[in-house]
Amino acid sequence: MSHATGLEYLRKEALPLMWCSGCGNGITLGAMLRAFEELRYKKNEVVVVSGIGCWGKADDYIMTNALHTTHGRALTYATGVKAANPELHVVVLMGDGDGATIGGNHLIHAARRNMDLTAIIVNNFNYGMTGGQFSATTPAASITSTSIAGNPERGFDICGLAEAAGANYVARETVANGAMLKKRIVEALGKKGFSLVEVISPCTTLFGPRNKMKQPIDMIRWMKEKGVPRAKYEQLANAEADGYFVTGKLVDKDYPDFCASYESMRSRINVRAGGK
Amino acid sequence: MDKKNRIKFRPSVNETNCKACGYCQECCPKKIFEPSDKFNAQGYQYITVVNGDTCTGCLQCVMICPDLAISIKEE
Ligand SMILES: Cc1ncc(C[n+]2csc(CCOP(=O)(O)OP(=O)(O)O)c2C)c(N)n1
Ligand code: SF4
Ligand code: SF4
């Protein structure tokens with residue numbers, strides 16, 4: 001038995017990857033390419049839509065169709081791609097700054113519309129590419145370049161937001177478990193309607209060292225300890241205060257997606273107009 | 001399965017692409033990864049495989065390597 005390597009989708013001539021040593025972007029990229037292979041996706045049937053940021057550079061390494069868009073707006077371009085050709089598998093790659101901060105409003109409405117997209121948000125708790133400023137997911141009291149004495153704001157629960165806005169599929173995993181991450185991406189890609197996989201990921205250069213995790217491996221150990229299934233989270237006395245977070249599949253529904261609803265409305269109009 | 005017919009796994013590290021994060025060293029249950037005594041063109045003291053024969057093909061290193069630098073061939 002051989003395993004899915006995902007290498008057929010990797011642009012090998014662009015290696016080594018641009019990311020820092022230990023950065024979780026490469027782990028997420030690998031998991032996603034292996035998911036493509038398991039689903040036997042043809043390269044010309046996939047469109048990877050990326051925003052701006054370290055993770056947004058991922059499309060440089062992928063051999064499928066790709067659309068590198070503006071910061072915070074990847075979901076809007078992806079919505080257009082999907083509406084124009086519902087046959088395509090559209091995957092949207094965003095950082096937490098991109099997808100949940102500047103682009104947070106688009107996240108709400110892509111989920112509300114239930115567009116058949118798979119969003120992969122790599123949450124490294126800060127704006128990596130621009131020097132480690134705090135984002136909407138930076139936990140309270142964390143140190144970043146713009147919160148040198150601790151973040152005065154609270155961090156966003158991206159999965160809770162997507163669930164409330166109406167996403168059909170929501171999951172959170174950490175890069176410390178690459179096999180599980182791949183499984184969630186496979187599930188998300190297979191789901192009709194809006195899917196979100198939030199990937200908890202180490203920014204080993206900016207976030208980790210400022211927050212008592214000097215070495216890359218310290219961040220992996222931290223997420224292994226703090227990421228727990230919902231049942232365990234609920235048993236812990238002070239889970240939130242102690243920095244624990246829930247991993248696993250959080251939402252799994254089958255509400256009709258936008259393209260299906262749109263077609264049904266269109267056929268109603270056609271019937272009224274006498275089948276024209 | 002008898003010992004002779006067991007699948008052999010051949011792990012290897014791409015020394016050009018490795019960035020010496022140490023994740024493979026931490027996750028390998030058989031401890032087959034060690035830093036080499038050389039540096040690659042990126043300036044990292046890349047990882048090498050020291051006792052690859054003991055590899056069980058669990059793929060934990062492949063799944064966690066951020067630089068897609070590890071491959072495991074089966075024989
Ligand atoms: C409209 C606009 N505003 C600001 C920027 C500057 N900018 C580039 S990347 C980035 C933050 C990226 O952070 P994140 O999305 O979390 O991704 P990461 O780099 O951490 O992967 C910002 C603010 C920009 N390119 N465009
Ligand atoms: S700055 Fe952070 S997010 Fe960007 S490549 Fe480096 S570790 Fe990754
Ligand atoms: S996990 Fe990959 S990049 Fe990190 S030390 Fe091992 S081979 Fe090198």
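This note goes through the surroundings of three ligands in a predicted model.

1. Ligand 1 has 16 residues around it, and those that come nearest are Cys54(A), Gly97(A), Asp98(A), Tyr127(A) and Gly128(A). Sorted by class, the shell around ligand 1 holds six nonpolar, eight polar and two charged residues.

2. Several backbone atoms face oxygen atoms of ligand 1: a polar backbone atom of Gly97(A) is 2.8 Å from an oxygen atom of the ligand, a polar backbone atom of Asn126(A) is 3.2 Å from an oxygen atom of the ligand, and a backbone N or O atom of Gly128(A) lies 2.8 Å from an oxygen atom of the ligand. Ligand 1 on its own has 590 Å² of accessible area, of which the protein covers 72%.

3. Two elements of chain A, α3 (96-102) and β5 (126-127), each give two or more residues to the shell around ligand 1, and α3(A) gives the most, with four residues.

4. Ligand 2 is surrounded by residues of chain A, including the cysteines Cys20(A), Cys23(A), Cys54(A) and Cys203(A), together with Trp19(A), Asn124(A), Thr204(A), Thr205(A) and Leu206(A). The shell around ligand 2 divides into six nonpolar and three polar residues, with no charged residue.

5. Where does ligand 3 sit? Ligand 3 is placed in the largest cavity, and the residues around this ligand belong to chain B, among them Cys18(B), Cys21(B), Cys24(B) and Cys65(B), as well as Lys19(B) and Asp67(B). By class, the shell around ligand 3 contains nine nonpolar residues, one polar residue and two charged residues.

Technical notes. Residues numbered from 1 in each chain as written. Chains lettered and ligands numbered in written order. Predicted model: local features only at pLDDT ≥ 70, side-chain atom pairs only at ≥ 80, totals over all residues. Heavy atoms only, no water. Near = heavy atom within 4 Å. 1 Å grid on protein atoms, 1.4 Å probe; cavity = no way out; pocket = protein on both sides within 12 Å on 5 of 7 lines; lining within 4 Å. Sits in = over half its atoms within 2 Å of the grid points. Nonpolar A, V, L, I, M, F, W, Y, C, P; charged D, E, K, R; others polar. Polar contact = N/O pair within 3.5 Å; in protein donor to acceptor, adjacent residues only side chain to side chain. Areas by Shrake-Rupley, 256 points an atom, 1.4 Å probe, with all protein chains shown as cover.
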